[in-house]
Each structure stands twice: as structure tokens, then as C-alpha cells.
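Me: I'm new to this one. Can you walk me through it?
Reply: Yes, here it is.

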Amino acid sequence: MAPIAEWLFFFLIFPGLLFSVLLGLVLVWVDRKVTALVQWRAGPPPGQPFWDVLKLMGKEVIVPAQAWAGGFLGLPFVGLAAAGIAATFVWVAAIGIAPSFGGDLIVVVYLLVIPTLAVIMGGAASGNPLGAVGSSRDMKLMLAYELPFVIALLVAVFQKQEIDGELVRAGTMSLSGIVEFQNDAGSILLRPSGAIAFLVALLCAHAKLGFVPFDLAEAECEIGEGALLEYSGAVLGLFKITQAVLLATLPVLLVTVFWGGLTLTTLGVLAFLGKVVLILVLFVLIKNTNPRVRIDQAMRFFWGPLTVLALAALLLAHLGL
Amino acid sequence: MVTKTPLLLRALKKSPWVFHVGTSGCNNCDIEIADCLTPRFDVERFGIKLVGSPRHADVMLITGPVSRACKEPLQQAWLEMPQPRAAVMVGSCACSMGAYKDAYSVAGPPDKVLLEIDPDAKFIYVPGCPPKPETIVMGVVKLLGAL
């Protein structure tokens with residue numbers, strides 16, 4: 001296959017858009033089911049997220065009179081495309097099916113911002129005051145969690161390895177480079193610096209997914225789903241799909257960067273999926289045991305303790321721990 | 001308008017999202033609606049989800065008689081719901097005004113108020129003071145069967 005056709009297949013079918021959407025919807029079900037079990041309920045049947053999305057695709061799309069129609073309808077596609085491309089890069093590096101280019105970690109970090117930006121701009125384009133409040137909160141939250149998230153990912157980049165009694169900086173900016181480093185030197189998660197950075201990145205990814213306690217941008221009981229308030233039908237469905245793709249991407253990114261890649265054996269695949277589901281269940285447990293915070297509390301949390309922890313991890317990594 | 005394909009109707013029955021509107025009732029039916037979400041009844045088993053915006057909803061749960069002050073907001077919320085849409089009248093007051101019949105402060109039962117602006121509106125009536133949570137769930141299911 002020509003490289004272009006190969007990458008188109010990667011982007012659109014496996015491991016990009018189609019695969020990530022399907023996996024994401026399954027993971028959404030895992031999220032809702034575990035939530036239900038925590039609350040001592042039976043929970044939805046396995047096909048529930050698929051029916052939800054199918055129904056939304058068939059419903060009427062209303063564009064509010066005061067909205068900017070182009071942005072209102074176009075931004076969900078931008079968000080979904082960015083999430084799909086990010087998912088492709090992360091999975092390609094995790095499985096190692098194609099050589100990743102140097103610096104794809106930076107590209108992934110940027111691409112993962114775009115779905116949030118799409119929600120922010122979509123909420124602002126809807127012209128609804130509550131949507132604007134949701135957008136503003138989402139913007140502040142994004143500024144808050146991006147800083148510790150990037151520092152925590154840098155910890156993986158600056159890891160050092162002892163070769164012939166000498167500390168050599170082995171990290172690279174490419175995801176497959178990080179995976180290779182872990183194949184040689186063991187999981188980054190098992191080092192003190194890696195463990196701290198993983199914890200920080202986990203909490204930042206939690207906020208990125210918009211889960212409680214950092215769901216103040218959607219807060220359905222105070223500002224009625226925030227930025228998504230005015231969305232209906234298929235465009236709302238696109239945002240739901242985008243969230244599902246992010247749910248299938250962020251745990252995989254965390255596992256790839258801190259816990260080693262995927263080896264293509266039965267045991268390897270099972271171990272990888274087990275790690276992803278374990279991180280997902282951690283998300284769900286954090287989500288179900290914490291009340292929502294205010295935006296100032298969230299910003300203080302991310303810029304205060306978490307940034308300090310991430311910087312400490314960076315220092316430890318510099319010392320070779 | 002949207003075309004109602006069999007697949008869409010099936011998906012609607014599998015995931016009816018409800019939006020709850022209290023039009024100045026006595027709050028008793030509202031508590032019973034909240035009961036449906038508790039672990040004992042757990043309507044999420046059927047894909048029923050309470051959403052915070054009429055734009056996301058398929059079914060509107062209306063409790064209480066419509067007071068004069070509530071008439072316009074109710075009509076507006078109804079028009080904000082995307083097609084196909086339907087409503088469940090929860091409780092005796094929403095069905096037939098109950099104790100508030102002929103009171104000076106009410107504008108009418110919710111079905112008449114909605115029919116004023118949308119003659120095609122579809123309803124189902126769940127009587128009771130208040131109705132049991134199982135009855136409310138059955139009302140939603142029957143309504144979707146009738147679409």
C-alpha cells in the first residue's frame with residue numbers, strides 16, 4: 001500500500017476514527033455501568049451508548065436564532081476530527097504499526113486541546129448566556145490543567161537510563177521512542193518520578209474528560225450542561241462521540257507514556273486493555289466519590305499542588321530517579 | 001420536520017431522554033419523578049436519562065396545573081424541544097387540574113396550553129396523587145410505543 005493510502009486507513013478506520021468511536025462507546029458503557037454499581041443500581045444495558053448516539057443522529061437539529069450558524073454547526077466536526085487524529089497517533093505509537101515521527105507527543109498534546117476548544121467556541125457561538133458561562137469556565141479549566149499535564153508528560157521525556165555506570169538521557173519527544181525506552185529500562189511508572197508524574201497526568205486527564213469533580217463546565221444542575229446547552233440532534237451526537245473518542249484516547253496515552261506499549265501477543269493485548277480499563281475504573285471511582293469543585297478551587301488545585309508535584313517529578317527525573 | 005424511520009423510533013424507545021417541568025404543582029409528583037432515578041427503580045436500566053436542557057430531551061414530564069405565570073415559559077420550553085417530541089402529564093393536576101379546577105390563578109391544564117401552540121403535540125396521562133414511580137415509567141414506555 002502507498003503510504004498515503006495506509007495513513008488514510010489509519011486515520012479513518014483502524015486505529016483512528018471508526019475503531020476509536022466504537023471502543024469509546026464501549027468505554028462509555030463501562031463508565032456508566034461502574035457508576036451504577038457504585039451507586040448500588042443495575043445500570044444501562046451494553047448497547048445503551050450506541051442507541052443514544054443513533055437516536056441523536058436521527059433527531060431534529062435546531063439552530064438558535066441568536067447563534068452564529070456556521071460555527072455552531074461546523075465546530076463539532078472540527079473537534080471530532082482532531083480527536084480522531086490524536087487517537088490515531090497514540091494508537092499507532094502504542095502498537096508500533098508504523099514509525100512515528102519525532103515530536104508526535106507535542107502534536108498529540110496540541111490535538112487533544114482542539115476538542116475542548118470546539119466545545120468552548122461552540123458554546124460561545126450558541127449565543128446563550130448559560131452557554132457563555134460554560135465556555136468561560138471550560139476555558140479557565142483548560143488553562144489550569146494544561147500546565148501540570150504538559151510538565152507531567154515532560155517527565156517521561158526527560159527520563160535517564162544507566163548505561164555502563166553513566167546516566168544517559170534516553171528520552172525522546174516521540175511516543176514510539178518513549179515506548180522503546182520503556183522496553184529497555186522498564187515502565188516509567190515504576191520509578192519515583194514516573195509514579196508522581198503519572199498521578200498528576202491522571203488527574204489532568206480526568207479534568208480533560210470533564211468528569212466530576214471537574215465537570216463545572218457542564219454542571220447540569222446549575223448551568224444546564226453549559227456550552228452544550230443549545231445543541232440538539234446530530235451535532236449534540238457529534239460532541240458525545242468526540243467525548244467517547246477522548247475517553248478511548250486519554251487512558252491509552254497515559255498507559256503508553258508511563259506504563260509501556262502494546263506487544264502483539266494475546267497476553268500483551270490483554271495486559272494493555274486491562275491497564276486501560278484499570279485507569280478508566282480509577283477515573284470512575286474518583287468521579288463517584290467527589291463533589292464538584294468551584295472554578296477557583298479547581299484552578300488553585302491545578303496551578304498549586306499539582307504543578308509543584310509535577311515540577312518535583314521533573315527534578316527527580318533530572319537526578320535520574 | 002424529521003422523517004420517522006423505524007430505526008429512529010427503535011432508538012427513541014431505547015433511549016428516551018426526559019426533561020422535567022414543574023408548572024406550579026405541589027411538588028409531590030416532582031419527588032416521585034426523582035424517585036424513579038433512585039437505585040430502587042433505576043430508570044437508567046431502560047436508557048431513560050434526566051437531562052438539563054429541553055434541547056437534549058425527547059420527552060417532557062409535566063407536573064401540576066399551569067399557572068398564569070408558567071404558561072409562556074412552558075410553551076417556550078416545548079418549542080425548544082427538537083422533533084420528534086412528546087409529553088407525559090404526571091399526576092392528577094396535570095391531567096385534569098385536580099384541586100385547582102376553576103382557581104383564579106391557573107391558565108388551564110398543560111395539554112390545552114400546549115395544544116394552543118402545537119396542534120400535533122402527543123401526550124399520555126398518568127393519573128394519581130401522586131402516581132407511583134412504576135406508573136410514571138410505564139407512562140413513558142407507553143407513550144414511546146404510541147409514537
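Me: How many residues of chain B are in contact with chain A?
Reply: 18 residues of chain B are in contact with 26 residues of chain A. Contact here means that the C-beta atoms of two residues, placed from the backbone, lie within 7 Å. This is a predicted model: local features need pLDDT of at least 70, side-chain atom pairs count only at pLDDT 80 or more, and totals for chains, interfaces and linings use all residues. Residues are numbered from 1 along each chain as its sequence is written, and chains are lettered from A and ligands numbered from 1 in the order in which they are written.

Me: And the side of chain B that touches chain A, how many nonpolar, polar and charged residues?
Reply: That side of chain B has 6 nonpolar, 7 polar and 5 charged residues. Ala, Val, Leu, Ile, Met, Phe, Trp, Tyr, Cys and Pro count as nonpolar, Asp, Glu, Lys and Arg as charged, and the others, Gly among them, as polar.

Me: What order do the strands of the sheet in chain B take?
Reply: The order is 2-1-3-5-7, an open sheet of 5 strands with parallel pairing. Strands (E, at least two residues) and helices (H or I, at least four) are DSSP runs, numbered from the N terminus, and two strands pair if DSSP finds at least two bridges between them.

Me: Which are the edge strands?
Reply: Strand 2 (49–50) and strand 7 (123–126) of chain B, each of which pairs on one side only.

Me: How many bridges join strand 3 and strand 5 of chain B?
Reply: There are 5 bridges between strand 3 (residues 59–63) and strand 5 (residues 86–90) of chain B. Val59(B) stands opposite Ala86(B) of strand 5.

Me: Switching to chain A. How many helices and strands?
Reply: Chain A has 12 helices and 2 strands. Its C-alpha trace spans about 70 × 50 × 40 Å along the principal axes.

Me: How do helix 2 and helix 3 of chain A cross?
Reply: The axes of helix 2 (residues 17–38) and helix 3 (residues 48–58) of chain A come within 8 Å and cross at roughly 120°. Axes are lines fitted to C-alpha atoms, for helices over the stretch in contact, with angles from 0 to 180 degrees between N-to-C directions.

Me: Which residues make the contact?
Reply: Helix 2 of chain A brings Leu25(A), Val28(A), Trp29(A) and Arg32(A), and helix 3 of chain A brings Gln48(A), Pro49(A), Phe50(A) and Val53(A). By class, this contact has 6 nonpolar, 1 polar and 1 charged residues.
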